[in-house]
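Let's take a walk through this model together, one region at a time. Keep the 3D view open as you read.

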Amino acid sequence: MARPPTGMRADARRNHERLLTEARSAFAEHGTDASLEDVARRAGVGIGTLYRHFPNRDALLSAVFEEAAGDLLTRSRELLQAPEPCAALVTWLREMVTHAGEYRGLAHALMSATDNKASALARCSGPIREAGGALLERAQKTGSVRPDVAITDLLQLTHAIALAAEETPGDPELADRLLHLTLRGLRPT
């Protein structure tokens, strides 16, 4: 879970934690475009308190998804030890698609943060990019992935796949089919 800044008073720390809890609930119910006023109301605070803790929507999104990003980073370190580098990369990319599809609108927000270094979401995307890059490089060194494939492209593709799946809820297999098609293009010819 995203930790409140150190030195925060106990009541401010409780507000911070309640805001994160309620943001997770609101994002699960209404997607990442959920009303921030509603998040504040649910947490029992005013909108000004929300903005003191999280100056904008991206800052709140970043805090909410920091835990999931941490899980993906841990998983990437585990997969660096896997005997099959390409299979490890594929596993991690599948988990990225699942993560990006966790809340309606998250895939779009992640895609937008890729090119926006000023976004608070970039705090999560930078380490994710490095972790995925290590898995990709390992697979490329074995010759199982084309050398011209870039991790930024793979991450954009995973976010696009999650977005496509989000827009087609009646087809639960769509994300896996699209990922499979993408992965076929990674192999050297």
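What you have on screen is a predicted model. A good place to begin is Asp176, which counts as partly exposed because its relative accessibility is 36%. The partner of Asp176 is Arg94, and the two form a salt bridge whose closest N and O atoms are 2.8 Å apart. This pair links distant parts of the chain, with Arg94 in helix H5 and Asp176 in helix H9 (residues 174–184), 82 residues apart. Arg94 has a relative accessibility of 33%, so it counts as partly exposed too.

How many salt bridges are there by the rule used here? The count comes to 10. The general idea is simple: side chains of opposite charge can pair when their charged atoms come close.

Another of these pairs brings together the side chains of Arg42 and Glu29, with 2.9 Å from N to O. Here too the link is between distant parts of the chain: Arg42 belongs to helix H2 and Glu29 to helix H1, 13 residues apart. Arg42 is partly exposed, because its relative accessibility is 24% and the partly exposed class runs between 20% and 50%.

For a pair within one helix, turn to Lys141 and Glu137, whose closest N and O atoms are 3.2 Å apart in a salt bridge. Both residues sit in helix H7, 4 residues apart, which is about one turn of the helix. Is Lys141 buried or exposed? With a relative accessibility of 68%, Lys141 counts as exposed, while Glu137, at 42% relative accessible area, is partly exposed. Some salt bridges also share partners, and in this way Glu29, Asp38, Arg41 and Arg42 are joined into one network.

Let's now follow helix H1 itself. H1 covers residues 10–30, 21 residues in total, and spans 30 Å from its first C-alpha to its last, close to the 30 Å expected at 1.5 Å a residue. The buried residues of H1 are Ala12, Asn15, His16, Leu19, Leu20, Ala23, Arg24, Ala26 and Phe27. What covers them includes helix H2 (36–43), helix H3 (47–53) and H4. Just after H1 comes Gly31, with a positive phi of about 85°.

Next, look at His99, a residue of helix H5. His99 counts as buried because its relative accessibility is 10%, and the cut-off for buried is under 20%. Which residues does His99 contact, leaving aside its neighbours within four places in sequence? They are Phe65, Ala68, Ala69, Leu72, Leu106 and Leu110.

Leu110 takes us on to the empty space inside the model. Rolling a probe the size of a water molecule over the atoms shows where empty space is left. The structure holds 1 cavity of 30 Å³ or more, and the largest cavity has a volume of about 150 Å³. Its lining has 15 residues, of which Met96, Leu110, Ser125, Ile128 and His159 are the closest to the centre.

Where does the lining come from? Helices H4 (57–79), H5 (85–100), H6 (106–114), H7 (122–141) and H8 (151–167) each supply at least two of its residues. The largest share, 4 residues, comes from H7. By residue type, the lining of the largest cavity divides into 9 nonpolar, 5 polar and 1 charged.

Technical notes
Residues numbered from 1 in each chain as written. Predicted model: local features only at pLDDT ≥ 70, side-chain atom pairs only at ≥ 80, totals over all residues. Heavy atoms only, no water. 1 Å grid on protein atoms, 1.4 Å probe; cavity = no way out; pocket = protein on both sides within 12 Å on 5 of 7 lines; lining within 4 Å. Points joined across faces, edges and corners; volume = space filled by probe spheres on them. Nonpolar A, V, L, I, M, F, W, Y, C, P; charged D, E, K, R; others polar. Expected span 1.5 Å × (residues − 1). Buried < 20%, exposed > 50% of the residue type's maximum accessible area, 1.4 Å probe, protein only. Contact = heavy atoms within 4.5 Å. Salt bridge = Lys/Arg side-chain N within 4 Å of Asp/Glu carboxyl O.
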